[in-house]
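The following exercises are to be worked with the sequence and the coordinates at hand. Each task is followed by a solution in steps.

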Amino acid sequence: VTLIASSEVSARDCVADCLRRIHASQSTLNAFIAIDDARAMEHAEAADRMRAVGGRLGPLHGMPIAIKDMFDRAGRRPGCGADRGGGDTTRRDATIVERLERAGAIIVGALHMTEYALGLTGHNDHLGDCTNPWSPAHVTGGSSSGPAAVVGARLLPAAIGSDTGASIRIPAAWCGAVGIKPTHGRVSGAGAMAMSYSLDTIGPLASDMRGCALMLGVIAGADPRDPHAAAVPVPDYAAALGGDLRRLRVGVIDEYFGDGLDPGVEAALGEAVRVLRACGAAIVEVKALHADLARRLHRLVMAAEAAAIHARMLEDSPERFTAEVRYRLELGRRLPAKDYLAALRGRAQLLREFVASSFARADVLLTALVPRPAPARDRTRFGAPGFEPALLADIPKRTQPFNYLGLPALAVPCGFVADRPIGFQLVGRPFDEATLFKVGEAYERATAWHRRAPAH
Amino acid sequence: LAEQPRSIPAEWEPRLASDVAELVDAAASLNRLVAAGESPVDFILALPELAPRKDKA
């Protein structure tokens, strides 16, 4: 963005180069569902004209990005990774699309995702799998498989995903990207596919903290189209980056939420704590109150709401869902309404108690994110020969509690195990994404993981 | 993509029953913990109240 704004590089050349590399990657990565060459080049040329006449440039001026295939764009119908059948196109862009384009971003296409965002691996039997840019035999993680793959492959500096239980953070960690699940209500969901009204969040993935902070600053904030988008002021996340971490307390949560960790992951977490201490942070131990209960309640709410959202198709043509998604929806259909409502009615009290206990001693929490690097694709395909459910059973347990509690959580790349990326998670108080970025950026400056790129 | 059957495979039933029981039990555990009378909207109101002071308007 800086190079384009200062005329050292034209948006046209930048976007053309990205498109060339994207097309070359499709046969191996399969990260794009649609590539909008003509529209992207038209917008890039307009961006160059704007700069030439001294027009006001937005914070993402000329920056090529892509979005998960679940957001409305005028005249198109998102595929949502599924067999949706025919239907009307929409007349209006999703709010996040409007805000990104107004800020100067150039959307080059729509990205691969898990069917209706209901799955953690990135497998998709409708579209073919999206593959991990660091190792094609391994999963990307899901459901934001395409966004994580294109950022991890360094094809684009940033992309937009969604996170209802882990769907930004797990694929970000497994593909070597930064990714943030914002506070519930921080980003408008107008024009986005709903998976679970009470748990859905939309957020950016990027190759570094600054890019992620810039993107969130653009898409966050109140929206008359979405009453759940909170009227809480949006700080300038990117401007607040830099400096050391003195006066900040990092709470290490229950030994990282760490049972079942690969020794390589555990060693990386220990090293991350050492780095943060060297950056000036005070390290304290913190207990995560109600975390396991919050995880189970998350599953209850997600399954019930997803089943309600897809109730008609589940009744009329269940054969159009793949087995993994059908299982999740069938589970939701069997849950009693009184238990679903209990899970929502108790949410405020659990949140207050969690914040009071965990953030009394810490400004941010540090936890494990992925227990091991990305597993093999052929061992994680639901119901197929060789399927090993145990490889996936504990994957979301460190992420789901924070969707139920509505707290912001940041995926931070922190090294490699068996040549595949891993990451840790920082969790903040409601609407305190700024502190997560500050800690993440200090860690990033002290390490070099974000500068690595996979061999193509 | 192979077409999926319309009916639920019989082998899913034990796992579905077990998952339903686990989630119903979670709701029961929550009911033992929380005070009565809160509505789901209280969660939406609680989030900005719990934000750090610096982010408040």
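The exercises below concern a predicted model.

**Exercise 1. The sheet of chain A**

Determine the strand order of the sheet in chain A, and state which strands stand at its edges.

*Solution.*
Step 1. Tracing the partners across the open sheet of chain A gives 11 strands in the order 1-3-2-4-6-5-10-11-9-7-8, with mixed pairing.
Step 2. The edges are held by strand 1 (32-35) and strand 8 (282-286) of chain A; each has a single partner strand, so one side of each has no neighbour in the sheet.
Step 3. On average, neighbouring strands in this sheet are turned by 30° against each other, direction ignored.

**Exercise 2. One strand pair and two helices**

Describe how strand 4 and strand 6 of chain A pair, and identify the strands touched by helix 2 of chain A and those that helix 7 of chain A lies across.

*Solution.*
Step 1. Strands pair through backbone hydrogen bonds, in either a parallel or an antiparallel manner.
Step 2. For strand 4 (residues 158-163) and strand 6 (residues 201-206) of chain A, the sense is antiparallel, and the pairing extends over 6 bridges.
Step 3. Within this pair, Ile160(A) has Pro204(A) of strand 6 opposite.
Step 4. Helix 2 (residues 11-29) of chain A packs on the sheet and touches strand 1, strand 2 (64-68) and strand 3 (106-111) of chain A; the direction of helix 2 makes about 140° with that of strand 1.
Step 5. Helix 7 (residues 209-219) of chain A lies across strand 2, strand 4, strand 5 (178-181), strand 6 and strand 10 (409-417) of chain A, and runs at about 150° to strand 6.

**Exercise 3. The interface of chain A and chain B**

Characterise the contact between chain B and chain A by residues, buried area and salt bridges.

*Solution.*
Step 1. Chain A contributes 52 residues to the contact and chain B contributes 41 residues.
Step 2. About 4300 Å² is buried between the two chains, and carbon and sulfur atoms give 64% of this area.
Step 3. There are 6 salt bridges between chain B and chain A. A salt bridge also joins the side chains of Arg295(A) and Glu22(B), at 3.9 Å from N to O, which falls within the 4 Å cut-off.
Step 4. Polar contacts across this interface amount to 10 residue pairs, both residues being at pLDDT 80 or more.
Step 5. On the side of chain B that touches chain A, helix 1 (13-33) and helix 2 (41-49) of chain B are the elements giving two or more residues. Helix 1 of chain B supplies the largest share, 15 residues.
Step 6. By class, that side of chain B has 25 nonpolar, 5 polar and 11 charged residues.

**Exercise 4. Backbone details and a salt bridge within a helix**

Locate the loop that holds Ser143(A) and Ala117(A), and explain how Arg274(A) and Glu271(A) are placed in helix 9 of chain A.

*Solution.*
Step 1. Gly142(A) and Ser143(A) are joined by a cis peptide bond with omega of about 10°.
Step 2. Ser143(A) belongs to the loop between strand 3 and helix 5 (145-152) of chain A.
Step 3. Ala117(A), which is not a glycine, has a positive phi of about 65°, and lies in the loop between strand 3 and helix 5 of chain A.
Step 4. The side chains of Arg274(A) and Glu271(A) form a salt bridge at 2.7 Å, N to O. These residues are 3 apart in helix 9 (residues 263-278) of chain A, and therefore about one helical turn separates them.
Step 5. Over all chains, the whole structure has 36 salt bridges.

Methods
Residues are numbered from 1 along each chain as its sequence is written. Chains are lettered from A and ligands numbered from 1 in the order in which they are written. This is a predicted model: local features need pLDDT of at least 70, side-chain atom pairs count only at pLDDT 80 or more; totals for chains, interfaces and linings use all residues. Side-chain values use heavy atoms; hydrogens and water are left out. Two strands pair if DSSP finds at least two bridges between them. Helices (H or I, at least four residues) and strands (E, at least two) are DSSP runs, numbered from the N terminus. Axes are lines fitted to C-alpha atoms, for helices over the stretch in contact, and angles run from 0 to 180 degrees between N-to-C directions. Contact means heavy atoms within 4.5 Å. Buried area is the accessible area (1.4 Å probe) that two parts lose on being put together, summed over both. A polar contact is a pair of N or O atoms within 3.5 Å; within protein, one must be able to donate a hydrogen and the other to accept it, and residues adjacent in sequence count only if both atoms are side-chain atoms. Ala, Val, Leu, Ile, Met, Phe, Trp, Tyr, Cys and Pro count as nonpolar, Asp, Glu, Lys and Arg as charged, and the others, Gly among them, as polar.
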